[in-house]
There are 2 protein chains.
Amino acid sequence: MQLKSIHILIVDDHPMVIEGLKTLLSDDERVIVKTHFINGTDALSYLQKDTADVILLDVNLPDINGVEMVPKILNTRANIGIIGLSTYSEPSIINQMIRNGVKGYLLKNATADELVNAIIQVHLGNFYFGSEVQKILADSVTQESSNLPKLTRREKHVLTLIADGKTTNIIAEELFISPLTVETHRRNLMQKLEVSNAASLIKVAIDKKLI
Amino acid sequence: MQLKSIHILIVDDHPMVIEGLKTLLSDDERVIVKTHFINGTDALSYLQKDTADVILLDVNLPDINGVEMVPKILNTRANIGIIGLSTYSEPSIINQMIRNGVKGYLLKNATADELVNAIIQVHLGNFYFGSEVQKILADSVTQESSNLPKLTRREKHVLTLIADGKTTNIIAEELFISPLTVETHRRNLMQKLEVSNAASLIKVAIDKKLI
DNA sequence: ATCAATATACCGGAAAACCAGTAGAAAAAA
DNA sequence: TTTTTTCTACTGGTTTTCCGGTATATTGAT
């Protein structure tokens with residue numbers, strides 16, 4: 001029934017992880033580990049000539065950041081499925097990986113079942129995220145959306161105009177109000193978001209998804 | 001074999017879509033459409049008392065924005081799977097939906113197969129995105145990552161410090177260089193990103209994923 | 001009708017950012 | 001090794017932001 005196995009590439013600098021993955025996958029005939037690399041550069045140069053179906057990519061490589069690896073891989077071989085791997089859990093990293101194009105993400109404590117499942121789904125072109133990863137992502141959303149400072153309509157408006165790079169005077173003209181008023185709004189915004197200048201105001205506003 | 005059908009809730013203000021979905025799903029005994037709502041408010045108040053397994057949620061509702069609906073739904077019923085639906089394709093909308101917690105996303109030209117597949121996968125706790133949706137997301141990543149202004153290492157570093165709300169003088173102290181140099185870096189950054197102040201510098205830097 | 005929140009506006013002064021240039025040293029690329 | 005890029009630093013001046021207050025009109029909710 002199984003005519004063609006899925007070819008796997010492992011990119012990870014921990015020998016233990018490599019061996020562990022190989023062992024976990026050796027029992028399943030649907031997948032076959034082609035080879036492995038212990039750094040990003042070697043993996044990328046391999047992909048110049050050869051290819052694979054699915055890459056298991058560690059986030060913490062010695063040379064190239066895993067997050068940066070993803071677009072590099074996809075630029076070379078657009079239809080490789082990439083599954084991110086890491087021991088820990090930072091939601092921002094996972095989010096970046098997803099944005100950059102990984103199709104799956106697993107923590108290294110994933111079971112053989114999960115691993116094979118992820119590989120198969122990703123190879124089919126679907127997404128697969130381990131249950132712990134999903135929990136982490138869900139938590140990061142709810143956590144961030146809590147304790148949001150309440151901005152008034154006017155403040156939100158002024159905020160977006162500041163983000164557009166408009167000065168107090170320009171904003172005042174656009175809103176037909178005094179520059180002094182605009183400044184008050186800006187100051188209230190900064191106070192509410194607990195920052196001391198416009199640059200970080202924009203930063204935390206975006207972080208808190210107010211823009 | 002099929003003991004329990006997956007209970008579906010449709011939230012969409014287009015009668016044609018509602019009927020279409022119901023017809024597409026009527027043939028499959030694994031899913032059963034419980035009821036539907038033509039606006040967000042009614043759907044939310046329904047969820048106060050009753051529940052469902054999977055919600056098919058239109059993005060363009062008359063009262064509440066679909067993007068905002070998602071967290072509202074998940075706050076009430078955390079383990080409902082939400083599948084976003086829309087006719088068109090704006091990547092930013094899809095991204096927002098995903099960030100807010102949808103488990104799937106389909107365009108309205110999805111086939112019955114895709115639809116049922118998505119429902120089943122989402123109900124299992126997995127993600128499912130239609131092939132067109134995946135293409136859109138992939139395009140948006142590569143498109144945005146192109147024509148990026150090239151920042152030097154030092155500039156990137158200064159950029160993040162600015163985003164942290166640090167002033168020129170503070171940054172100079174941290175980097176053991178003259179404030180005048182830091183200012184030069186800031187000005188070069190602003191020129192490269194084509195903005196005229198630090199606030200919008202941070203904005204476009206985040207937009208272009210340089211931070 | 002009343003109270004709280006919001007939007008409006010001001011003063012004066014200090015700090016920081018912004019602009020237009022120039023230019024040498026160090027590092028990286030050719 | 002030469003060339004290019006990056007990092008560094010400066011002068012001198014203008015504009016804008018930031019801070020600590022204060023204060024009234026308007027709007028929204030109860």
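**One helix face and one interface**

Modeller: In this predicted model, helix α8 of chain A, residues 168-175, has T168(A), I171(A), A172(A) and L175(A) as its buried residues.

Biologist: What makes T168(A), I171(A), A172(A) and L175(A) count as buried?

Modeller: Buried means under 20% relative accessible area, and T168(A), I171(A), A172(A) and L175(A) are the residues of α8(A) that are buried by that cut-off.

Biologist: How do you know that the buried residues of α8(A) line one face of the helix?

Modeller: Seen down the axis of α8(A), the buried residues fall within an arc of 100 degrees, and therefore they line one face. In general, an α-helix has 3.6 residues a turn, so residues three or four places apart point the same way.

Biologist: Which helices do the buried residues of α8(A) pack against, and what follows α8(A)?

Modeller: The buried residues pack against α7 (153-163) and α9 (179-192) of chain A, while F176(A), with a positive phi near 55 degrees, follows the helix.

Biologist: How do you know how much area is buried between chain B and chain A?

Modeller: Buried area is the accessible area that two parts lose on being put together, summed over both; for chain B and chain A that comes to about 2,100 Å², with carbon and sulfur atoms giving 60%.

Biologist: Why is no salt bridge listed across the interface of chain B and chain A?

Modeller: A salt bridge requires a side-chain nitrogen of Lys or Arg within 4 Å of a carboxyl oxygen of Asp or Glu, and because the rule finds zero such cases across this interface, none is listed. The rule for polar contacts, by comparison, finds six residue pairs there, both residues at pLDDT 80 or more.

Methods. Residues numbered from 1 in each chain as written. Chains lettered and ligands numbered in written order. Predicted model: local features only at pLDDT ≥ 70, side-chain atom pairs only at ≥ 80, totals over all residues. Heavy atoms only, no water. Buried area = accessible area lost by both parts, 1.4 Å probe. Polar contact = N/O pair within 3.5 Å; in protein donor to acceptor, adjacent residues only side chain to side chain. Buried < 20%, exposed > 50% of the residue type's maximum accessible area, 1.4 Å probe, protein only. Helix = DSSP H or I, 4+ residues; strand = E, 2+ residues; numbered from the N terminus. Arc of directions from axis to C-beta. Contact = heavy atoms within 4.5 Å.
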